[in-house]
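Open the model in your viewer and keep the selection tool handy. We will go from stop to stop, and at each one you will hear what to select and what is there.

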Amino acid sequence: MEDWFKYRQRYQEPQQFIDDFIRQKNIQVRFTFPPTFESNLVSFGKVRVGEFTKIGEKALIRDSELCKTLIHEEIHHRLAAREQRDNLRARQIRSSLALEESYADEVANRYFRMKSRKVTFEH
Ligand SMILES: [Zn+2]
């Protein structure tokens, strides 16, 4: 019953679900922009540098996806900020979208692995 409620909540009150998720799973990340649910997003997440972080419905499918999407999107902001500070490595990564994507995935996967040793993710 409780599980069913939690599952339903993620789709009925997605923003509340995301906010609770960050708190309950102890995602201690200082987000550049608060991750905001966007119902008509086709991708897992989306950022515009200097403007926003959006989370799509796809990321809500399971805890692991939501965790990884939150980190992945944040990495785009941080890379852009590092590039603006003339960080060479960041500039190199951001020179190719494919490179930037795989870098963001790698960091997100590593974060999730580390986190799942301390926190229980439902699925
Ligand atoms: Zn990305």
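Select A81 to begin: A81 is partly exposed, because 14 other C-beta atoms lie within 10 Å. The cut-offs are these: a residue is buried if 20 or more other C-beta atoms lie within 10 Å of its own, exposed if 12 or fewer, and partly exposed in between, with C-beta atoms placed from the backbone. You will find A81 in helix α3. Now add T32 to the selection; A81 and T32 are 49 residues apart along the chain, and their C-alpha atoms are separated by 9.8 Å.

Two notes before you move on. Residues are numbered from 1 along each chain as its sequence is written. The model is predicted, so local features need pLDDT of at least 70 and side-chain atom pairs count only at pLDDT 80 or more, while totals for chains, interfaces and linings use all residues.

Next, click on A80, which also has its place in helix α3. Is A80 buried or exposed? A80 is partly exposed, with 17 other C-beta atoms within 10 Å. Leaving aside residues up to four places away in sequence, A80 touches V49 and R94; touching, or contact, means that the C-beta atoms, placed from the backbone, lie within 7 Å. From C-alpha to C-alpha, A80 and R94 are 7.6 Å apart in space, and they are 14 residues apart in sequence.

Now select the whole of α3 (63–84). Helices (H or I, at least four residues) and strands (E, at least two) are DSSP runs, numbered from the N terminus. α3 has 22 residues and reaches 32 Å from its first C-alpha to its last, close to the 32 Å expected at 1.5 Å a residue; the expected span is 1.5 Å times one less than the number of residues. Colour its buried residues, among them L66, C67, I71 and I75. The buried residues of α3 pack against α2, β2 (45–48), β3 (52–55), α4 (88–94) and α5.

Show α5 (97–115) next to α3 (63–84). The axes of α3 and α5 come within 8 Å and cross at roughly 130°. Axes are lines fitted to C-alpha atoms, for helices over the stretch in contact, and angles run from 0 to 180 degrees between N-to-C directions. That crossing makes α3 oblique to α5; angles under 35 degrees count as roughly parallel, over 145 as roughly antiparallel, 65 to 115 as roughly perpendicular and the rest as oblique. On the α3 side, residues making the contact include C67, I71 and I75, and on the α5 side they include A104, A108 and F112.

Which residues touch the most other members of the largest nonpolar core? They are A59, L66, C67, I71, I75 and A108, from a core of 16 residues. Such a core is a set of buried Ala, Val, Leu, Ile, Met, Phe, Trp, Tyr and Cys residues joined through C-beta atoms within 7 Å. α3 gives the most to this core, with six residues. Zoom in on A59: not counting residues up to four places away in sequence, A59 touches F44, G45, E65, L66 and T69.

Finish with two loops. D86 lies in the loop between α3 and α4. D86 counts as exposed because it has 8 C-beta neighbours inside 10 Å, and its phi is near 65°, a positive value in a residue other than glycine. Then select N26, in the loop between α2 and β1 (36–37). N26 has a positive phi of about 55° although it is not a glycine, and N26 is exposed, with 9 other C-beta atoms within 10 Å.

Definitions and conventions:
Two residues are in contact if their C-beta atoms, placed from the backbone, lie within 7 Å.
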